[in-house]
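Work through these exercises with the model open beside you. Try each task before reading its solution.

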Amino acid sequence: MTAKERREAILSHLKESKAPASAAALAGLLGVSRQVIVGDVALLRAGGAQIVSTSRGYVIPSEEGLVHQVVCHHTPQQTREELYTMVDCGCTVLDVTVEHPVYGEITAALQLACRYDVDEFVRKMQENAAQPLSLLTEGLHFHRLSVPDEAAFARVCDALRHLGMLLED
């Protein structure tokens, strides 16, 4: 398999799969090292491919439906509750952004669509002793959400408002 064929195979796998694929899994599938996959993904991105690296692996983001942003404020201990609330209302949490005073906007891809995704994300944070980005901004952060319709967005806003996590005008 040529390098070009391998990169096409990576893109094809990511487009067909709904689940994230780690570099190690792709390497095993294609019979190369993990580092070769990392380099291939970098080249694909440089060529314009919309590949996102999440805590669970590479994905091509799905932004089906409508995309809305919410501004939230809560403690690190409330992260799981916040994310559960969003996915339970039918939303996919695309990413999280904080506005850092030195670095400007810092965004991390999440692609969380269900409680299992949230649990895996929180488990990895705990396993790696990682803190949420919102810790940099005393709990203030933004999420982009993919929602199936306006009713789902209204539900998530109401639920976050009820929890005291939604920051509004």
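**Exercise 1. A pair across two strands**

Which residue in E6 does Val-71 stand opposite?

Solution. The model is a predicted one. Start with strand E3, residues 66-73. It is joined to E6 by 8 bridges, and the two strands run antiparallel. Now look across from Val-71: the residue opposite in E6 is Phe-142.

**Exercise 2. The sheet**

Find the order of the strands in the open sheet, and say which strands stand at the edges.

Solution.
- Step 1. Take E6, residues 140-147. Besides E3, strand E4 (residues 92-100) is bridged to E6, with 5 bridges and an antiparallel run. Val-93 stands opposite Leu-145 of E6 in this pairing.
- Step 2. Go on from E4. Antiparallel to E4 runs E5, joined by 7 bridges. One of the bridge pairs is His-100 with Gly-104 of E5.
- Step 3. Put the strands in order. The 4 strands read E3-E6-E4-E5, with antiparallel pairing.
- Step 4. Read off the edges. E3 and E5 (104-112) each have a single partner strand, so one side of each lacks a neighbour in the sheet.
- Step 5. Add the twist. On average, neighbouring strands are turned by 20° against each other, direction ignored.

**Exercise 3. Cover on E6**

Is strand E6 mostly covered or mostly open, and which helix lies across the sheet strands?

Solution. Count the buried residues, those under 20% relative accessible area. In E6, 6 of 8 residues are buried, and the strand is mostly covered. Next, find the helix. H4 lies across E3, E4, E5 and E6. Its angle to E6 is about 20°.

**Exercise 4. A residue in H4**

Is Arg-80 buried, partly exposed or exposed, and what does Arg-80 contact?

Solution.
- Step 1. Place the residue. Arg-80 belongs to helix H4, residues 79-88.
- Step 2. Classify it. The partly exposed class lies between 20% and 50%. Arg-80 has 29% relative accessibility, so it counts as partly exposed.
- Step 3. List the contacts. Setting aside neighbours within four places in sequence, Arg-80 touches Val-118, Asp-119, Val-122 and Gln-126.
- Step 4. Check one partner. Val-118 is 38 residues from Arg-80 along the chain, yet their C-alpha atoms are separated by 6.8 Å.

**Exercise 5. Two helix packings**

Describe how H1 is set against H2 and against H3.

Solution.
- Step 1. Begin with H1 (residues 3-16) and H2 (residues 23-30). Their axes are 11 Å apart, at an angle of about 125°. The oblique class takes angles outside the parallel, antiparallel and perpendicular ranges, and therefore H1 and H2 are oblique to each other. Their crossing is right-handed.
- Step 2. Name the contact residues. H1 supplies Arg-6, Ala-9, Ile-10 and His-13, while H2 supplies Leu-26, Leu-29 and Leu-30. By type, they are 5 nonpolar, 1 polar and 1 charged.
- Step 3. Turn to H3, residues 34-46. The axes of H1 and H3 come within 10 Å and cross at roughly 80°. The range 65 to 115 degrees counts as roughly perpendicular, and therefore H1 and H3 fall in that class.
- Step 4. Name this contact too. From H1 come Arg-6, Arg-7, Ile-10 and Leu-11. From H3 come Val-36, Ile-37, Asp-40, Val-41, Leu-43 and Leu-44. The split is 7 nonpolar, no polar and 3 charged.

Conventions. Residues are numbered from 1 along each chain as its sequence is written. This is a predicted model: local features need pLDDT of at least 70, side-chain atom pairs count only at pLDDT 80 or more; totals for chains, interfaces and linings use all residues. Side-chain values use heavy atoms; hydrogens and water are left out. Buried means under 20% relative accessible area, exposed over 50%, partly exposed in between (1.4 Å probe, protein chains only). Contact means heavy atoms within 4.5 Å. Two strands pair if DSSP finds at least two bridges between them. Axes are lines fitted to C-alpha atoms, for helices over the stretch in contact, and angles run from 0 to 180 degrees between N-to-C directions. Angles under 35 degrees count as roughly parallel, over 145 as roughly antiparallel, 65 to 115 as roughly perpendicular and the rest as oblique. A crossing is left-handed if the near helix is turned anticlockwise from the far one by less than a right angle, and right-handed if clockwise. Ala, Val, Leu, Ile, Met, Phe, Trp, Tyr, Cys and Pro count as nonpolar, Asp, Glu, Lys and Arg as charged, and the others, Gly among them, as polar.
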